[in-house]
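Me: I have a fold open on my screen and I'd like to learn how to read it one feature at a time. Can you walk me through it?

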Amino acid sequence: FKQKTAYEITRRLEFRRVLFRSVKDLVTWAMGISCKRFVYAAGVASRSAKLTMITPGKLDAAQAWALFEVGLDSMGLTAVARGPIYEIVETTSAKDAALAIKRQFPDGGGGVVRLVLRPAHVGVDDLKAALELVKSKAGLVTPLPNLHALVITDDGNHIARMRTLVGELDRPGDGAGVWAVPVEQIGRAHV
């Protein structure tokens, strides 16, 4: 019996409709298509939710993983990477996990991401107010005004979509403002 790699399994993965009755069913399916390791607590395992996935044609590994993340999200769960193991946790508590800190916007993905953002041209409080409008319900935007930085914790898809908003708002101003210019060598009568 030869163990197949995730690529060998998912390159032929084709299904039309799959019904998952529990988190265990969904995670078992994800383990089979990804060859990744998972762990979850009894409270997560006791959840029962009917989840139906319908898809035409074949899926590659990235598409199957994205489908798994959507399935978790619909159950109010997410996968948090802990080294080579993924822990399945409630989405609302994922922000408390020890997450890797990113310095650049992710391309997407449903996993929880923590990003440090240093705006160049706009105040952190102003940018925080804008990002609060587009974050997820479980997301968190923390301003660090003395460090001129923001720490954003949210799912990868929401943070990836924030890139456009930050790009639009964090631009140099038009030069308008109040400027103080010291006057040199002019008498009081001329000022």
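Me: Let's start with contacts. Which residues does Val44 touch, not counting those up to four places away in sequence?

Reply: Skip the sequence neighbours, then see who is left. For Val44 that leaves Val23, Leu77 and Ile88. Keep in mind that this is a predicted model. Val44 itself sits in helix α3, which covers residues 42-45.

Me: Is Val44 buried or exposed?

Reply: Look at the relative accessibility. Val44 comes out at 8%, so Val44 counts as buried, the cut-off being under 20%.

Me: And how do I read a distance between places that are far along the chain? How far apart are the C-alpha atoms of Val44 and Met75?

Reply: Put the sequence gap beside the gap in space. Val44 and Met75 are 31 residues apart along the chain, while 9.9 Å separates their C-alpha atoms.

Me: Ile88 came up as a partner of Val44. What else is Ile88 in contact with, leaving aside neighbours within four places in sequence?

Reply: Quite a list. Among the contacts of Ile88 are Val23, Val27, Phe38, Val39 and Tyr40. Val44 is there too, along with Phe68, Leu72, Leu77, Thr78 and Ala79.

Me: How many residues does the largest nonpolar core have?

Reply: Its count is 21 residues. Ile88 is among those with the most contacts inside this core, together with Leu26, Trp29, Phe38 and Phe68. Next, ask which elements feed it: α2 (23-34), β3 (48-54), α4 (61-74), β4 (77-82) and β5 (85-90) each give two or more residues. The top contributor is α2, with six residues. There is also a second, separate core of 14 residues, including Phe105, Leu115, Leu150 and Ile159.

Me: Leu150 is handy to know. Which residues does Lys128 contact, leaving aside neighbours within four places in sequence?

Reply: Leu150 is one of them, and the others are Val141 and Pro143. Lys128 belongs to helix α5. In sequence Lys128 and Leu150 are 22 residues apart, yet C-alpha to C-alpha they are 7.4 Å apart. As for accessibility, Lys128 is at 25%, which makes this residue partly exposed.

Me: How do I read helix packing? At what angle do α5 and α6 pack?

Reply: Take the angle, the axis separation, the handedness, and then the residues that touch. The angle between α5 and helix α6 (residues 156-169) is about 145 degrees, and their axes are 11 Å apart. The crossing is right-handed. On the α5 side, Leu127, Ala130 and Leu131 make the contact, and they meet Met162, Leu165, Val166 and Leu169 of α6. By residue class, the contact of α5 with α6 has seven nonpolar, no polar and no charged.

Me: Where does Ser136 lie?

Reply: In the loop between α5 (124-132) and β8 (140-144). Being in a loop doesn't settle accessibility, so check it separately: with a relative accessible area of 12%, Ser136 is buried. Its contacts, leaving aside neighbours within four places in sequence, are Asp154, Asp155 and His158. One of these partners deserves a zoom: the side chains of Ser136 and Asp154 make a polar contact at 2.4 Å. Ser136 is also 9.6 Å from Thr153, C-alpha to C-alpha, with the two positions 17 residues apart in sequence numbering.

Me: Now backbone torsions. What is the phi of Cys35?

Reply: Scan for positive phi in residues that aren't glycine. Cys35 has one of about 60 degrees, and His148 has one near 50 degrees. Cys35 is in the loop between α2 and β2 (37-40), whereas His148 is in the loop between β8 and β9 (149-155). Cys35 has a relative accessible area of 37% and is partly exposed. His148, at 33%, is partly exposed as well.

Me: Let's zoom out. How many helices and strands does the chain have?

Reply: Six helices and nine strands. Of the 191 residues in the chain, 35% are buried. For the overall wiring, look at contacts with a separation of 6 or more: residues 24 or more positions apart account for 62% of them.

Conventions:
Residues numbered from 1 in each chain as written. Predicted model: local features only at pLDDT ≥ 70, side-chain atom pairs only at ≥ 80, totals over all residues. Heavy atoms only, no water. Helix = DSSP H or I, 4+ residues; strand = E, 2+ residues; numbered from the N terminus. Buried < 20%, exposed > 50% of the residue type's maximum accessible area, 1.4 Å probe, protein only. Contact = heavy atoms within 4.5 Å. Polar contact = N/O pair within 3.5 Å; in protein donor to acceptor, adjacent residues only side chain to side chain. Core = buried A, V, L, I, M, F, W, Y, C linked by side-chain atoms within 4.5 Å. Axes fitted to C-alpha atoms, helices over the stretch in contact; angles between N-to-C directions. Left-handed = near helix turned anticlockwise from the far one by under 90°. Nonpolar A, V, L, I, M, F, W, Y, C, P; charged D, E, K, R; others polar.
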